[in-house]
Amino acid sequence: MSEQNLHGNSLVFTRQFDDGYKFAQAIKPLSIKEGSQLSPGGFLGTINFADFGDLKFTHLHQNQSTQATGTKSVDDIGFSLAFQPKLTQVSAHGCVIQNHDIFGFDPTREVDVVVSKDVHLVIASVNARAFHTLYEQMGYQQGEKALKQNAMRLHPASLRPLKAFYQEITHVFNNQPALLMQSQMQSLIREDFLPLLINTFGRNAQKKPRILKPFRRYSLVKKAEEISKSYKDKPLTLQKLCNELETSSTALSCGFQEVFGISPMAYIKIQRLNGVRHALMNPNTNTKTVMEVAQEWGFGNAAYFAKDYKEMFGESPLNTLQRFCR
């Protein structure tokens with residue numbers, strides 16, 4: 001990981017990561033409790049962050065597909081936009097997020113996001129009290145009710161000014177980050193951005209915007225995830241999983257393909273590999289051998305496990321343990 005703190009001030013910083021787990025740890029202030037790498041290969045991720053008090057901006061980018069879950073902060077409301085290359089996907093609570101959607105703003109709902117490769121996420125986090133005060137001052141009502149939708153699909157013309165502001169912030173992060181340290185620039189951003197955000201959100205909330213619907217089998221997939229966790233260190237076949245869910249393998253496979261882009265058994269193996277990696281990166285005073293940790297996550301064959309692990313993360317499990325035992 002490399003880090004740049006501009007002018008020695010932590011209010012604006014850039015951090016780069018070569019590991020998905022450490023990347024997830026770094027974005028815990030965004031209420032990310034758990035992050036998993038879903039696609040195989042070495043990980044590269046970047047976090048740009050600026051804190052202006054009642055308004056914070058975070059720009060996230062990673063080269064691998066990831067899943068993030070967690071409980072949101074009660075103090076801030078996050079409004080997220082995804083800037084996606086073609087043929088990529090973002091979903092939140094099983095709803096596909098498109099280029100003209102703003103999402104993630106229900107403070108009572110947990111984080112549940114799947115992001116495919118090379119997507120840029122930009123999140124504006126607004127102090128909840130400041131948001132509701134200005135929302136009412138600008139003549140909008142029932143802000144809490146509007147927020148419960150968690151995602152809003154806008155007409156491109158409605159979103160364009162706000163989206164341009166997000167893009168400009170991202171451009172400054174990447175090209176002139178020192179500008180964000182200037183108090184005059186911070187004041188201008190606060191004065192211009194918050195009314196624009198609230199007008200965009202408030203006007204569209206009044207129009208009863210289209211509510212995003214989750215994948216048809218999203219709830220089935222979530223139940224399968226919970227069952228798989230209870231089999232953490234035990235064998236679990238597709239048939240056994242289907243029997244517990246009282247569903248067909250076709251329905252379950254289609255559901256996992258929709259939500260994660262992979263099969264149920266591939267997902268379960270990937271989550272177990274992530275579990276081993278997290279344990280190896282957090283060794284305690286009674287550190288076990290690599291294979292002892294692997295067995296706790298249901299891996300019995302050392303050769304197959306080592307091969308799968310290296311394919312997934314780009315290094316051997318022993319190298320992971322040695323790096324974090326120093």
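Contact here means heavy atoms within 4.5 Å. The model on screen is predicted.

**Stop 1: Phe193**

Select Phe193 and show its surroundings. Setting aside residues up to four places away in sequence, Phe193 touches Leu55, Phe57, Ala124, Leu162, Phe165 and Tyr166. Phe193 is also one of the residues that touch the most other members of the largest nonpolar core, together with Phe79, Ile102 and Tyr166. That core has 38 residues.

**Stop 2: the elements around that core**

Next, colour the elements that each supply at least two residues of this core. The strands are β5 (55–62), β7 (76–83) and β12 (120–127). The helices are α2 (128–137), α3 (143–147), α4 (156–175) and α5 (183–206). Another core, of 34 residues, lies apart from this one. To find it, select Phe256, Ile262, Tyr267 and Tyr309, which are among its members. In soluble globular proteins, nonpolar side chains tend to be buried together.

**Stop 3: α6 against α8**

Show helix α6 (residues 218–230) and helix α8 (residues 249–260) as cartoons. Their axes come within 9 Å and cross at roughly 95°, so α6 is roughly perpendicular to α8. Now add side chains at the contact. From α6, select Tyr218, Leu220, Val221, Ala224 and Glu225; from α8, select Ala251, Leu252, Gly255, Phe256, Val259 and Phe260. By class, the residues of this contact are nine nonpolar, one polar and one charged. Phe256, on the α8 side of this contact, is also among the residues of the 34-residue core.

**Stop 4: Ser228**

Stay on helix α6 and select Ser228, which is placed there. Is Ser228 buried or exposed? Ser228 counts as buried, because its relative accessibility is 12% and the cut-off for buried is under 20%. Leaving aside neighbours within four places in sequence, Ser228 is in contact with Leu236 and Ile268.

**Stop 5: the cysteines**

Finally, select Cys95, Cys242 and Cys254 and show the sulfur atoms. How many disulfides does the structure hold? The count is zero. A disulfide requires a pair of cysteine sulfur atoms within 2.5 Å. For Cys95, the closest cysteine sulfur is that of Cys254, 19 Å away, which is too far for a bond. For Cys254, the closest is that of Cys242, at 11 Å, again too far for a bond. Cys95 counts as buried, with 10% relative accessibility, whereas Cys254 is partly exposed, with a relative accessible area of 33%.

Technical notes. Residues numbered from 1 in each chain as written. Predicted model: local features only at pLDDT ≥ 70, side-chain atom pairs only at ≥ 80, totals over all residues. Heavy atoms only, no water. Axes fitted to C-alpha atoms, helices over the stretch in contact; angles between N-to-C directions. Helix = DSSP H or I, 4+ residues; strand = E, 2+ residues; numbered from the N terminus. Parallel < 35°, antiparallel > 145°, perpendicular 65-115°, else oblique. Nonpolar A, V, L, I, M, F, W, Y, C, P; charged D, E, K, R; others polar. Core = buried A, V, L, I, M, F, W, Y, C linked by side-chain atoms within 4.5 Å. Buried < 20%, exposed > 50% of the residue type's maximum accessible area, 1.4 Å probe, protein only.
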